[in-house]
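Q: Please take a close look at one part of this predicted model, starting from a single residue and working outward from there. I would like the distances and contacts kept together with the places they belong to, in one connected account.

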Amino acid sequence: MPLPEQQIFPCADDVAGAAADFILEQANKSIAARGRFHLVLAGGRTPEAAYRHLAEAHTDWDAWYVAFGDERCLPPDDPERNSRMAAEVWLDQVPIPAANRFAIPAELGPEKGAKAYAKTIETLLPFDLVLLGMGEDGHTASLFPGHGFEPEQLVVGVHDAPKPPPERISLDYRTLAEGHCTLVLVTGEGKRAAIQQWREDQPLPIARVATIASNVLLMADKAAIGES
Ligand code: 6PG
């Protein structure tokens with residue numbers, strides 16, 4: 001399957017601003033239609049600048065419900081936790097009710113944490129918007145090439161992630177695809193090879209999610225997409 005619908009920007013800062021605007025637009029649509037906005041956040045560094053923009057936004061924060069696509073099995077206050085990054089740059093700066101913020105209990109470890117988070121995710125399906133990043137090997141969330149899970153589960157424990165730390169928790173493929181809309185954010189020359197592999201229909205986790213997800217939009221900068 002070729003790349004999904006794309007919006008390409010000159011630089012990562014432009015991707016961040018456009019992503020924040022898109023997320024707010026989806027939130028306003030979902031809140032108008034369903035009175036709530038169920039959002040799944042991407043981890044890693046790429047979405048950080050977009051989250052900083054969202055910290056300045058004015059929206060009906062009471063109607064936002066924020067979950068995570070994956071988490072590293074580290075203590076809750078570890079600087080490498082995805083939930084800590086999102087809290088520091090955005091979620092602690094806006095009045096989303098604490099009860100509407102669903103950090104993954106990754107400190108429980110992969111299996112116990114995944115089992116506990118599956119119960120939370122069941123209450124949030126279907127999502128209104130799922131944010132995804134992509135690693136240099138084409139992984140997304142904590143679903144890595146060659147690491148399948150049979151049978152499919154809502155949330156999986158990961159024990160051998162090639163990107164440290166090795167122990168993680170991730171929404172499984174179908175769960176990540178359970179959004180009315182899916183926004184993939186990819187920036188930087190380091191992702192160019194994986195984008196090319198995606199173009200060539202190679203079996204990358206990001207491609208597998210994008211194939212089964214709805215309304216997928218890829219926002220990338222020129223460095224990642226391979227344009228000079
Ligand atoms: C994680 C992320 C991971 C991330 C990609 C891209 O916990 O590491 O969820 O899937 O989205 O590895 O990471 P960067 O945005 O830092 O390049």
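A: In this predicted model, Gly 135 counts as buried because its relative accessibility is 8%, below the 20% that sets the limit for buried residues. Gly 135 is placed in the loop between strand 6 and strand 7, and, once residues up to four places away in sequence are set aside, it touches Lys 191 and Ala 194. Its C-alpha atom is separated by 8.9 Å from that of Gly 44, although the two glycines are 91 residues apart along the chain.

The loop between strand 6 and strand 7 also holds Ala 141, and this residue leads to the ligand. Ala 141 has a positive phi of about 50° although it is not a glycine. Most residues other than glycine have a negative phi. With a relative accessibility of 15%, Ala 141 counts as buried, a value that takes in the protein chains only. A backbone N or O atom of Ala 141 lies 2.5 Å from an oxygen atom of the ligand. On its own the ligand has 410 Å² of accessible area, and the protein covers 91% of it.

The ligand sits in the largest pocket, where 16 residues surround it, the closest being Thr 46, Asp 70, His 139, Ala 141 and Lys 163. Asp 70 contributes a polar side-chain atom, which lies 2.7 Å from an oxygen atom of the ligand. For Gly 43, a backbone N or O atom is found 3.4 Å from an oxygen atom of the ligand.

From strand 4, which spans residues 70-72, one can move to helix 3, since strand 4 is among the elements that the buried residues of this helix pack against. Helix 3 covers residues 82-89 and is mostly covered, with six of its eight residues buried: these are Asn 82, Ser 83, Met 85, Ala 86, Ala 87 and Val 89. Besides strand 4, the buried residues of helix 3 pack against strand 2 (37-41), helix 2 (48-54), strand 3 (64-68) and strand 5 (101-102).

Beyond helix 3 comes the loop that joins it to strand 5, and Gln 93 has its place there. Gln 93 has a relative accessible area of 46% and is therefore classed as partly exposed. When its neighbours within four places in sequence are left aside, Gln 93 is in contact with Ala 55, Ala 87 and Glu 88, and of these Ala 87 is one of the buried residues of helix 3. With Glu 88 there is a polar link, as the backbone oxygen of Glu 88 lies 2.6 Å from a polar atom of the side chain of Gln 93. The C-alpha atoms of Gln 93 and Leu 54 are separated by 9.4 Å, with their places 39 residues apart along the chain.

The loop between helix 2 and strand 3 contains Thr 59, which is buried because its relative accessible area is 17%. Apart from residues up to four places away in sequence, Thr 59 touches Leu 24, Asn 28, Ile 31 and Trp 64. With Trp 64, the side chain of Thr 59 also makes a polar contact of 3.3 Å.

Backbone geometry deserves a separate look. Asn 215, like Ala 141, is a residue other than glycine with a positive phi, here near 45°. Asn 215 lies in the loop between helix 7 (205-212) and strand 10 (216-221), and at 56% relative accessibility it counts as exposed, whereas Ala 141 is buried.

Two peptide bonds are to be added. Most peptide bonds are trans. The bond joining Leu 125 and Pro 126, however, is cis, with an omega of about -10°, and Pro 126 is found in the loop between helix 4 (110-122) and strand 6 (129-132). The bond from Pro 164 to Pro 165 is cis as well, with omega near -5°, and Pro 165 has its place in the loop between strand 7 (155-158) and strand 8 (168-171).

Technical notes. Residues are numbered from 1 along each chain as its sequence is written. This is a predicted model: local features need pLDDT of at least 70, side-chain atom pairs count only at pLDDT 80 or more; totals for chains, interfaces and linings use all residues. Side-chain values use heavy atoms; hydrogens and water are left out. Buried means under 20% relative accessible area, exposed over 50%, partly exposed in between (1.4 Å probe, protein chains only). Helices (H or I, at least four residues) and strands (E, at least two) are DSSP runs, numbered from the N terminus. Contact means heavy atoms within 4.5 Å. A residue is near a molecule or strand if one of its heavy atoms lies within 4 Å of it. A polar contact is a pair of N or O atoms within 3.5 Å; within protein, one must be able to donate a hydrogen and the other to accept it, and residues adjacent in sequence count only if both atoms are side-chain atoms. Accessible areas come from the Shrake-Rupley method with a 1.4 Å probe; for residues, only the protein chains shown count as cover. On a 1 Å grid over the protein atoms alone, a cavity is a set of points where a 1.4 Å probe fits but cannot get out, and a pocket is an open set with protein on both sides within 12 Å along at least five of seven lines; lining residues have an atom within 4 Å of a point. A molecule sits in a cavity or pocket if more than half of its atoms lie within 2 Å of its grid points.
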